[in-house]
Amino acid sequence: MSQGFAQSMHWAKMRESGTLFGLQFLYRLHQAFGRRFFSFILLFVSAYFVLTRLEYRRASRDYLHTHFIFFPQHWSQPPGLTNTFRHFREFGEAILDKALAWSSEITEESFSIVNQQAIDDLLNDKRGQLIVGTHLGNLEYCRGFMRDNNDKIINILTYDRHSANFARAMEAVNPASRLNIYQVDEMDVSMILTLKSRIDEGEWLFIAGDRIPLEGHHRTVNVRFLGRTTALPVGPYQLANTLGCPVKLMFAYRQKKKITVDLIPFADKLHLERKARNSQIQQFAQAFATELEKQCEAVPYQWFNFYDFWALPEPS
């Protein structure tokens, strides 16, 4: 358990601060008055959160300090309260960007693609894909360059109602989006068969690789991330083994006026051997954590896991 706040709540139990109405209100505010006015209002909203959300403030401070220790070359001095304020403000900007990504306001010209060949290969591949994303930046940005490829049906697998509510809010912004949301507590046979049928139809399945299930120590594996031990879910790798489909890692985050998108082929077909299953899962999870670490280096303020990320789950 992390030293700063050992009684930290699990991320899924933390209070949901945004509602469908609130997300739509932010989007309408931007539509009516533009980005500059939105950003001005956001200064006060960010200050409110810094002052009233102790758990989030602690998590931000812990993460930023960890980043400072691991990447000292990116910092002129240790992070303080002003850095936490900026962290909250960039989260607010990202919330708006999530809504814009589902509207018609983000186009292909907005993107800076790290590996165009990987993107082209993905869009031309008729096979179903398992895409592992994170809460670094906005995976919703990727909707922009997919708009001309709307034959791709997206399925989102989430463990908590907060993420499901957010996805439904984004769906309300753009009702034409072809989106299926699966909120699950446990991966039973029925759900696996449903997801397998989606993959067999050539659809895409998105799953977060950086948030652990609500319960079940056995459903996580320990890895090193930013120089500290943390737990990551085993679900993406077990699911990939069952589905037998290509696996990609996808990162998307804003850098000034451009949106950086990095698609990384992870495995054409991930296979877990019975005798080496646990060690192989740990290796895959560590490979994911190492790549996430690299992505974090350039954009420290776009880390949007506002909970004690390094708190290890209690053994069941």
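In this predicted model, D125, R127 and D268 are linked to one another in a network of salt bridges. Within that network, R127 forms a salt bridge with D268, and the closest N and O atoms of the pair are 3.2 Å apart. R127 lies in the loop between α4 (116–124) and β2 (129–133), while D268 lies in the loop between β9 (258–267) and α9 (277–298), so the pair ties together parts that are 141 residues apart in sequence. As for the surroundings of the two side chains, R127 is partly exposed, with a relative accessible area of 39%, whereas D268 is exposed, with a relative accessible area of 52%.

The count of salt bridges comes to seven, and among them are the three pairs set out in the table below, each with the distance between its closest N and O atoms.

| Salt bridge | Closest N and O atoms |
|---|---|
| R127 and D268 | 3.2 Å |
| D62 and R228 | 3.2 Å |
| D200 and K196 | 2.9 Å |

What does the salt bridge between D62 and R228 tie together? D62 and R228 are joined with their closest N and O atoms 3.2 Å apart. Because D62 belongs to helix α2 (residues 54–70) and R228 to strand β7, the pair ties together parts that are 166 residues apart in sequence. D62 is buried, its relative accessible area of 19% falling under the 20% limit, and its partner R228 counts as partly exposed at 23% relative accessibility.

Strand β7, to which R228 belongs, is also part of a hairpin. Strand β6 (residues 220–225) and strand β7 (residues 228–233) run antiparallel and are joined by six bridges; one of the pairings is that of V221 with L232 in β7. Two residues stand between the strands of this hairpin, and L226, in the turn, has a positive phi of about 55°. Most residues other than glycine have a negative phi. L226 is a residue other than glycine, yet its phi is positive, near 55°. Is this turn residue, in the loop between β6 and β7, buried or exposed? L226 is buried, with a relative accessible area of 2%.

The pair D200 and K196 is a local one, in that both residues sit in helix α7 (residues 189–200), four residues apart, and are therefore separated by about one helical turn. The closest N and O atoms of this salt bridge are 2.9 Å apart. D200 is exposed, with a relative accessible area of 51%, while K196 counts as partly exposed at 28% relative accessibility.

Helix α7 also packs against helix α8 (residues 235–243), at an angle of about 65° and with the axes of the two helices 10 Å apart. The crossing of α7 and α8 is right-handed. On the α7 side the contact is made by I192, L195, K196 and I199, and on the α8 side by L239, T242 and L243. Taken by class, the contact of α7 with α8 has five nonpolar residues, one polar and one charged. K196 thus appears both among the residues of this contact and as the partner of D200 in a salt bridge; because K196 and D200 are four residues apart in α7, the two are separated by about one helical turn.

Two further residues deserve a short description. Q302 is found in the segment after α9, where it is buried, with a relative accessible area of 7%. Leaving aside neighbours within four places in sequence, Q302 is in contact with E90, H135, L136, G137, Y253 and R254. Y48, by contrast, is found in helix α1 (residues 20–52) and counts as partly exposed at 45% relative accessibility. The C-alpha atoms of Y48 and F88 are separated by 9.9 Å, with the two positions 40 residues apart along the chain taken as their distance in sequence.

For the chain taken as a whole, the secondary structure consists of nine helices and nine strands. The protein chain has 316 residues, of which 53% count as buried. Among the contacts in the chain with a separation of 6 or more, 78% come from residues 24 or more positions apart. The salt bridge of D62 with R228 ties together parts that are 166 residues apart in sequence, and that of R127 with D268 ties together parts that are 141 residues apart.

Note on methods:
Residues are numbered from 1 along each chain as its sequence is written. This is a predicted model: local features need pLDDT of at least 70, side-chain atom pairs count only at pLDDT 80 or more; totals for chains, interfaces and linings use all residues. Side-chain values use heavy atoms; hydrogens and water are left out. Two strands pair if DSSP finds at least two bridges between them. A salt bridge is a side-chain nitrogen of Lys or Arg within 4 Å of a carboxyl oxygen of Asp or Glu. Buried means under 20% relative accessible area, exposed over 50%, partly exposed in between (1.4 Å probe, protein chains only). Axes are lines fitted to C-alpha atoms, for helices over the stretch in contact, and angles run from 0 to 180 degrees between N-to-C directions. A crossing is left-handed if the near helix is turned anticlockwise from the far one by less than a right angle, and right-handed if clockwise. Contact means heavy atoms within 4.5 Å. Ala, Val, Leu, Ile, Met, Phe, Trp, Tyr, Cys and Pro count as nonpolar, Asp, Glu, Lys and Arg as charged, and the others, Gly among them, as polar.
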